[in-house]
Amino acid sequence: MGDANMIASTVISGGGASLGAALRAPWQALRRRARGVEIPSQEGGAVGVGVILFLSVLEIVLVDVMLSTPWSRLLALAAGLAASYLMVGFAVALSVFPHRVSDGTLTLAYGASFHVCIPVSLIREVAARRTFSDQQRTAAIKGGVLSVPVMSTSNVVLTLREPVRVEAGKATGTVQEIRFHALDPAAAAQAVRDALDGKTVEEAPKTPAPKTSTPTSAAPLPAWLRRLRWAGLIVLLVEILLVATGLLDWRIAAGVLVVTEGTLAVLGLVFGAALVNQYRKLRRTGRGRGAALGEAFFSLLPPPIAEMVRHELSVWGILARAATFRTQAGRGETLLGRNTIGALPAATAVLLAAGGVSLVVGVGANAFTLVSGILLEYGAAAAAAFALAGRVRPHTVGAGRIVLRWGTHQGVCIPLESVTGVEIAPLPEAAAPSESSFRVPGRAADALVLQLGEPVEVPARLGIMRPVTTVVVPVSNGVAARAAVAEHHGESP
């Protein structure tokens, strides 16, 4: 086997983070001229730009109040405006500089942070296949693969005809496979195939941005409604910050309050109608009433807020089930095992609860102690929910599926028909990380290793899903768990 650099006789170039590209991005957005076939890779950054601008204005005002001399104020104002423009430029660049096929070249870009130019003639095969990586950089080369993911996920894979040398900023090395993310992977793959077949830009239409980048909902929201999800949160944040910083007189603040509450009332009517529409669509797909209502409700919330609400509801749901000696196991399902987290959450819950009571009783009931006591008791409730989650949310098998649960609300459902093999192995040996495997969080002596004939989507990070074909489940009794799966699978243990 020869040296990799000698094998890779072809060199493709690019670049890393570029201040010039960030400075050009806002102007490029105003006079955008399409050239070639665009392949969008990220959702619009309007919300991020709005948050950056608001925080920048607030920072400039606060700094101006703290400084006394005119020259220092002017200097701080200039620095604040320059930093704000640069941050907006990097945010806008994510949508202004998409991936692009033009003049026989595929340009992969991550805003103003990375780009590389790949001659289409070097591409042998293209496929739409989702992969997941834990890399920290926007672009990285590892094991002969150049990966340019979004939120650690790529969904288009290019196989090159020969190893090539990539020199693009900090991403340097020899690769023969390239993985990147596109909002519509099927259309992106087709655009590359059209370029391989020699079709012109006029013959190959632009790849449109899909209505959602994560196809987890059976009834995706329209783009305008997905953007509107953030409006209520931004209005509330602006209202709180303006009043808390004292930038507005209380009489003006009262007027602002009336206007914002009126705006939120209108938004409430819009979202109420959207909730009913989503619920009906989900019911027509065969979902139950509870599942359809929950999915429709959470689809109308921004993803971070939806995750927070799920967590809050699950905390109190676990405590209620534990108090009534119930679990989330369905009727006719067999217990596979409990997700043991350890004694630390239980001890933390006891200490926080005792601390909250002691603070109020020992110091006396005043505003500070009451608020502090409530916060400590809330922390105790959350810790208790984590401690009880393993008993309330067990792993089960039955009704043609294996349901694995962990944390306060996370889980995955695996159809029994997709299970092609079940093995028992010590947990340390079975938990070796890989791209096609997933280890359910938890502690146990044994591990049930499920081999799947068809990929199953599992949570990866920040709501992103990834497909796997191997699932490792920590269980206290591997033999009994395997026998339960075999029994429900229609096989002998």
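**A walk through the cores and salt bridges**

Let us begin at Val 96, which counts as buried at 3% relative accessibility. This valine belongs to helix H4. The model you are looking at is a predicted one, and in it the C-alpha atom of Val 96 sits 6.4 Å from that of Ala 25, although 71 residues separate the two along the chain.

Staying with helix H4, which covers residues 70–96, we can turn to Leu 77. This leucine lies in the helix too, but it counts as partly exposed, at 36% relative accessibility. Together with Leu 74 and Leu 81, Leu 77 makes a nonpolar surface patch of about 290 Å². The spacing of such residues has a simple background: an α-helix has 3.6 residues a turn, so residues three or four places apart point the same way.

From the surface we can move inward. In soluble globular proteins, nonpolar side chains tend to be buried together. Here the largest nonpolar core holds 32 residues, and the members that touch the most others are Leu 106, Phe 114, Val 116 and Leu 158. Several elements give two or more residues to this core: strands E2 (37–39), E4 (105–109), E5 (115–119), E6, E8 (145–148), E9 (153–168) and E10 (171–180), along with helix H5 (185–196). Strand E9 supplies the largest share, six residues. For a closer look, pick Val 116 and set aside its neighbours within four places in sequence: its contacts then include Ile 12, Ser 13 and Gly 14, as well as Leu 106, Leu 146 and Val 166.

A second core, separate from the one just described, has 24 residues, among them Leu 416, Phe 438, Val 456 and Ala 481. Ala 481 leads us to helix H13, residues 478–488, where it is buried along with Gly 478, Ala 484, Val 485 and Ala 486. At the start of this helix, Asn 477 brings a side-chain oxygen to within 3.3 Å of the backbone nitrogen of Val 479.

Now for the charged residues. Side chains of opposite charge can pair when their charged atoms come close. With a cut-off of 4 Å between a side-chain nitrogen of Lys or Arg and a carboxyl oxygen of Asp or Glu, the structure has six salt bridges. One of them joins Glu 457 and Arg 130, at 3.3 Å from N to O. Glu 457 is in strand E17 (residues 446–461) and Arg 130 in strand E6 (residues 123–132), so this pair ties together parts that lie 327 residues apart in sequence. Both ends are partly exposed: the relative accessible area is 32% for Glu 457 and 29% for Arg 130.

Another salt bridge connects Arg 179 with Glu 177, at 2.7 Å from N to O, and both of these residues are buried.

A further salt bridge is found between Arg 401 and Glu 333, whose closest N and O atoms are 3.3 Å apart. Arg 401 lies in strand E13 (residues 401–406), while Glu 333 is in the loop between helix H9 (303–323) and strand E11 (334–337), so parts 68 residues apart in sequence are tied together. The two partners differ in burial: Arg 401 is partly exposed, with a relative accessible area of 34%, whereas Glu 333 is buried, at 15%. Arg 405 joins in as well, since Glu 333, Arg 401 and Arg 405 are linked in a network of salt bridges.

Notes. Residues numbered from 1 in each chain as written. Predicted model: local features only at pLDDT ≥ 70, side-chain atom pairs only at ≥ 80, totals over all residues. Heavy atoms only, no water. Helix = DSSP H or I, 4+ residues; strand = E, 2+ residues; numbered from the N terminus. Buried < 20%, exposed > 50% of the residue type's maximum accessible area, 1.4 Å probe, protein only. Polar contact = N/O pair within 3.5 Å; in protein donor to acceptor, adjacent residues only side chain to side chain. Core = buried A, V, L, I, M, F, W, Y, C linked by side-chain atoms within 4.5 Å. Contact = heavy atoms within 4.5 Å. Patch = residues over 30% accessible without salt bridge, like charges linked within 9 Å, V, L, I, M, F, W, Y side chains within 5 Å. Areas by Shrake-Rupley, 256 points an atom, 1.4 Å probe, with all protein chains shown as cover.
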